[in-house]
Amino acid sequence: ETVMGLTLLAAGTSIPDAVASVLVTREGKGNMAMSNIVGSNVFDLLCLGAPWFIKTVFVDLSPVEVNSSGMTYTAASLLLSIIFIFAAIHINGWKLDKKLGVTCLLAYLVFLVISVLNGLGIFGHMLARTCT
């Protein structure tokens, strides 16, 4: 369930951004691709907090109880992904090529493995609830 959720969520939200980045990169506009990548991550970070902010400011002043101990991990991984992509592209000479693509794919696989282990309770303190 965790793998399917992470994969479908990643594909559904990232494929349009990836296609747009590839298209502008092929036109020689790598800066636009970088802006798209960073903008997407910043948007994800802002969207994580916006619903709770709106609820606590405009609807109900009491704290919102979130039933997810993985929220800190998710937010931290988004922040680290921005730092990682800038560092990787800088080390690669500000060029988007196959070597950078493989590096990013391997980083995603590491993220996926850690997320699955976290979801299964093997890594971290979060134990995902099972569907009944």
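# A tour of a four-helix chain

Select Glu-27 to begin: at 56% relative accessibility, this residue counts as exposed. The model is a predicted one. Now add Lys-29 to the selection. The two form a salt bridge, and the closest N and O atoms are 3.6 Å apart. Lys-29 is partly exposed, with a relative accessible area of 40%. How many salt bridges does the count come to? The count comes to one.

**The whole chain**

Switch to a cartoon view and colour by secondary structure. The chain has four helices and zero strands, and reading along the sequence gives the pattern α-α-α-α. Next, show the surface. The accessible surface of the chain is about 9600 Å², and 73% of that belongs to carbon and sulfur atoms. Of the 132 residues in the chain, 16% are buried. A contact map is useful at this stage. Taking contacts between residues at least 6 apart in sequence, 49% join residues at least 24 apart.

**Helix 1: Ser-21**

Go to helix 1, which covers residues 2-26, and select Ser-21 within it. Is Ser-21 buried or exposed? Its relative accessible area is 11%, so Ser-21 is buried, the cut-off for buried being under 20%. To see what surrounds this serine, display Ala-33, Asn-36 and Ile-37. Ser-21 touches these three residues, with residues up to four places away in sequence not counted.

**The largest nonpolar core**

Select Met-34, Ile-85, Ala-88, Ile-89 and Leu-100 together and show their side chains. These five residues make up the largest nonpolar core. Which helix gives the most to this core? Helix 3, residues 71-91, does, with three residues. Keep Met-34 on display and add Phe-86. Setting aside residues up to four places away in sequence, Met-34 touches Phe-86 and Ile-89. Of these two partners, Ile-89 is listed among the core residues.

**Helix 2: Leu-46 and the surface patch**

Move to Leu-46, which has its place in helix 2. With a relative accessible area of 58%, Leu-46 is exposed; the cut-off for exposed is over 50%. For a distance check, pick the C-alpha atoms of Leu-46 and Ala-75. They are separated by 10.0 Å, while the two residues are 29 residues apart along the chain.

Continue along the sequence and select Phe-53, Ile-54, Val-57, Phe-58 and Val-59, with the surface turned on. Together they form a nonpolar patch on the surface, with about 540 Å² of accessible area. Phe-58 is a good residue to centre on. This phenylalanine lies in helix 2, residues 30-59. Is Phe-58 buried or exposed? Phe-58 counts as exposed because its relative accessibility is 65%.

**Helix 4: the aromatic pair**

Finish in helix 4 by selecting Tyr-108 and Phe-111. A search of the whole structure finds one aromatic pair, and Tyr-108 and Phe-111 form it. A pair of aromatic rings is described by the distance of the centres and the angle of the planes. For Tyr-108 and Phe-111, the rings are 6.0 Å centre to centre, with 35° between the planes, and the pair is tilted. Angles under 30 degrees would count as stacked and over 60 as edge-to-face, so 35° falls to the tilted class.

How are Tyr-108 and Phe-111 placed along the helix, and what separates them? They are three residues apart in helix 4, residues 98-119, so about one helical turn separates them. Tyr-108 is partly exposed, with a relative accessible area of 27%. Phe-111 also counts as partly exposed, at 25% relative accessibility.

Stay on Phe-111 for the last step, and show Tyr-73, Thr-74 and Ser-77. Leaving aside neighbours within four places in sequence, Phe-111 is in contact with Tyr-73 and Ser-77. For Thr-74, pick the C-alpha atom and that of Phe-111. The separation is 10.0 Å, and the two residues are 37 residues apart along the chain.

Note on methods:
Residues are numbered from 1 along each chain as its sequence is written. This is a predicted model: local features need pLDDT of at least 70, side-chain atom pairs count only at pLDDT 80 or more; totals for chains, interfaces and linings use all residues. Side-chain values use heavy atoms; hydrogens and water are left out. A nonpolar core is a set of buried Ala, Val, Leu, Ile, Met, Phe, Trp, Tyr and Cys residues joined through side-chain atoms within 4.5 Å. Buried means under 20% relative accessible area, exposed over 50%, partly exposed in between (1.4 Å probe, protein chains only). Helices (H or I, at least four residues) and strands (E, at least two) are DSSP runs, numbered from the N terminus. Contact means heavy atoms within 4.5 Å. Accessible areas come from the Shrake-Rupley method with a 1.4 Å probe; for residues, only the protein chains shown count as cover. Patches are made of residues with over 30% relative accessible area and no salt bridge: like charges are joined within 9 Å, nonpolar side chains (Val, Leu, Ile, Met, Phe, Trp, Tyr) within 5 Å. A salt bridge is a side-chain nitrogen of Lys or Arg within 4 Å of a carboxyl oxygen of Asp or Glu. Rings of Phe, Tyr and Trp (its six-membered ring) pair if their centres lie within 6.5 Å; planes under 30 degrees apart count as stacked, over 60 as edge-to-face and the rest as tilted.
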